[in-house]
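Thank you for making room for this on the agenda. Please have the sequence and the structure open while I talk, and stop me wherever something is unclear.

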Amino acid sequence: MSDRHTLSVAGVEVDTRHWIGGERIASAETFTDHSPIDGSPIGEIARGGAAEARAAVAAAKAAFPAWAATPRTERARILHAVADGVDKRLEDLAQVETRDNGALLRSHRRGVMPRVAHNFRFFADWLLTLDHEDFDTRGHTNHVSWDPAGPCVLITPWNAPLMLATWKVAPALAAGNTVVLKPAEWSPLTASLLADIAAEAGLPAGVLNVVQGHGSEVGAALVADPDVRRISFTGSVPTARRIAEAAAANLTPLSLELGGKSPLLVFADADLDLAVDLAVEQYDNAGQVCLAATRLLVDSTVAAEFTERFRTRALALRQGDPRDEATDLGPTIHPRQLEKVEGFVRRAVTAGARAVVGGGRNEELGGLYHRPTLLTDVAQDSEIVQEEIFGPVLTLQTFDTEAEAVALANDTRFGLAATVATGSHERAERVTAQLVAGTVWVNCFFVRDLQAPFGGARHSGVGREGGTWSFDFYCDLKNTVTAPKGWTDHG
Ligand code: NAI
Ligand code: MG
């Protein structure tokens with residue numbers, strides 16, 4: 001059944017066109033999507049521009065009144081049907097995503113794709129509980145309502161494409177908005193499958209639109225469109241600045257989830273096995289995780305032992321084809337990302353850093369595989385400690401006092417997350433209170449409940465998503481004040 005607009009990826013048919021107003025739309029131009037597994041081209045994808053952006057926003061605008069007026073229970077029912085569709089196609093989604101972005105098939109199967117379905121179920125259920133008790137002002141009733149805002153533009157990255165997209169798509173749709181989703185050009189495929197799943201689940205035409213293409217082209221046109229009522233973006237700080245500038249012209253409200261340089265603080269009283277586990281976990285997704293605790297800050301009295309245990313564990317990680325269930329660490333996504341990671345490591349080593357694990361490409365595997373790397377002897381003000389790398393590269397620094405640990409932890413321009421390993425409740429309380437971060441984990445990592453606010457301080461972002469906070473962002477909150485007087489119907 002493959003035609004020139006359909007790819008067969010791991011046996012799964014993927015439409016390469018946009019999905020606008022309930023129709024597949026091609027573009028005159030295309031771009032090539034690659035697989036990081038071996039760098040091979042997967043196929044040609046529609047390359048949208050200003051015209052496609054306009055068409056998608058117009059479709060979202062046209063579909064908005066009816067979707068906004070659809071009863072909550074019906075919106076929730078359709079979102080549950082989308083979740084059922086995701087569950088039904090879980091293996092397809094996992095296979096396609098792994099080929100497209102190189103993350104582990106086993107994670108997609110067991111963690112990521114089930115969470116995609118959960119994103120829809122969670123926000124569908126939350127919608128039905130969304131309420132604020134009326135309150136009284138001198139006999140006047142105050143009633144708070146969450147009115148849908150309008151067309152939302154959602155711009156998403158490549159490190160967890162469908163998962164991060166649906167964190168935004170699910171609450172935006174649940175709230176009664178219509179959506180234009182622009183996935184990253186390095187990982188465009190699962191968004192197209194989501195359009196198929198949503199259509200099959202009965203989501204009306206134009207409620208979810210997917211446009212493909214480059215950020216600087218179709219992305220830039222979308223965020224500048226005056227009919228857009230919300231923009232939610234996950235990605236890099238420089239791109240966030242560009243989007244904020246475009247949004248400023250229309251005063252479009254923004255949610256920005258940006259990078260991080262999060263610390264893992266290991267105190268001398270910590271369970272060292274647990275601390276090492278937490279540290280090794282930071283190589284997940286080849287380090288291409290915004291939340292990754294890439295700065296290991298370790299009490300100097302346990303640093304030697306910690307480093308040795310960490311080294312043993314890191315060297316035992318199996319790097320290879322992400323489709324292999326035994327693989328722990330796959331490739332970086334793109335030659336540009338690999339070069340970026342290598343550049344950081346090379347400059348750090350030139351500046352005096354020591355690679356106690358890894359330190360460069362995996363020459364045996366070739367391709368886009370960078371070895372898990374740990375660098376010591378790094379200065380606090382150096383690039384490797386201050387800048388987000390987004391690859392399997394961690395740094396290790398030591399501290400002598402708790403105050404020094406906190407100072408080091410907070411001394412970057414980011415503030416997305418922090419992880420603390422300690423055996424002392426009192427210390428945990430003291431330290432967490434002082435950390436600048438949107439999320440702090442104590443003796444754990446990556447436990448993420450959709451009820452919780454998620455976002456970053458400082459340059460790690462603007463705004464919070466999750467539970468009520470998502471609905472606050474995707475809605476125009478309205479307070480209706482009704483007087484006890486003036487009634488003629490005596491109702
Ligand atoms: P990016 O921020 O440029 O891309 C993210 C998304 O923004 C993509 O969909 C892209 O097409 C879109 N985009 C780019 N320019 C745009 C514009 N002017 N208007 C509207 N949309 C636009 O990130 P990139 O270049 O892929 O990665 C660079 C670095 O960003 C990484 O090395 C990493 O440090 C960081 N990053 C952080 C992520 C996070 O989860 N916070 C995710 C991905 C990357
Ligand atoms: Mg790709």
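**A serine, a ligand and two cysteines**

Let me begin with Ser382, which counts as buried because its relative accessibility is 18%, and the cut-off for that word is under 20%. Before I go further, please keep in mind that what you are looking at is a predicted model. Along the chain, Ser382 belongs to the loop that runs between strand 17, residues 373-376, and helix 12, residues 383-386. The side chain of Ser382 has a polar atom that lies 2.6 Å from the backbone oxygen of Ala379.

Now to the ligand. Where does ligand 1 sit? You will find ligand 1 in the largest pocket, and the elements that contribute two or more residues to the shell around it are helix 7 (215-223), strand 12 (230-234), helix 8 (237-250) and helix 11 (335-350). Of these, helix 7 gives the most to the shell around ligand 1, namely 3 residues. In total, 26 residues surround ligand 1, and the closest are Trp158, Lys182, Glu185, Lys340 and Glu388.

Two of those names come back when we turn to individual atom pairs. For Lys340, a polar side-chain atom lies 2.4 Å from an oxygen atom of ligand 1, while for Glu388, an N or O atom in the side chain is 2.8 Å from an oxygen atom of ligand 1. The backbone takes part as well, in that a polar backbone atom of Ala220 is 3.4 Å from a nitrogen atom of ligand 1. As for how much of the ligand is covered, ligand 1 exposes 810 Å² when taken alone, and the protein buries 89% of that.

Let me finish with the cysteines. How many disulfides does the structure hold? The count is 0, and for Cys152, which is in no disulfide, the nearest cysteine sulfur is that of Cys475, 8.9 Å away. Why is there no bond from Cys475? The closest cysteine sulfur to that of Cys475 is in Cys152, and at 8.9 Å it is too far for a bond, because a disulfide calls for a pair of cysteine sulfur atoms within 2.5 Å.

And are these two cysteines buried or exposed? Cys152 is buried, with a relative accessible area of 1%, and Cys475, at 4% relative accessibility, counts as buried too.

Technical notes
Residues are numbered from 1 along each chain as its sequence is written. Chains are lettered from A and ligands numbered from 1 in the order in which they are written. This is a predicted model: local features need pLDDT of at least 70, side-chain atom pairs count only at pLDDT 80 or more; totals for chains, interfaces and linings use all residues. Side-chain values use heavy atoms; hydrogens and water are left out. Buried means under 20% relative accessible area, exposed over 50%, partly exposed in between (1.4 Å probe, protein chains only). A residue is near a molecule or strand if one of its heavy atoms lies within 4 Å of it. A polar contact is a pair of N or O atoms within 3.5 Å; within protein, one must be able to donate a hydrogen and the other to accept it, and residues adjacent in sequence count only if both atoms are side-chain atoms. Accessible areas come from the Shrake-Rupley method with a 1.4 Å probe; for residues, only the protein chains shown count as cover. On a 1 Å grid over the protein atoms alone, a cavity is a set of points where a 1.4 Å probe fits but cannot get out, and a pocket is an open set with protein on both sides within 12 Å along at least five of seven lines; lining residues have an atom within 4 Å of a point. A molecule sits in a cavity or pocket if more than half of its atoms lie within 2 Å of its grid points. Helices (H or I, at least four residues) and strands (E, at least two) are DSSP runs, numbered from the N terminus.
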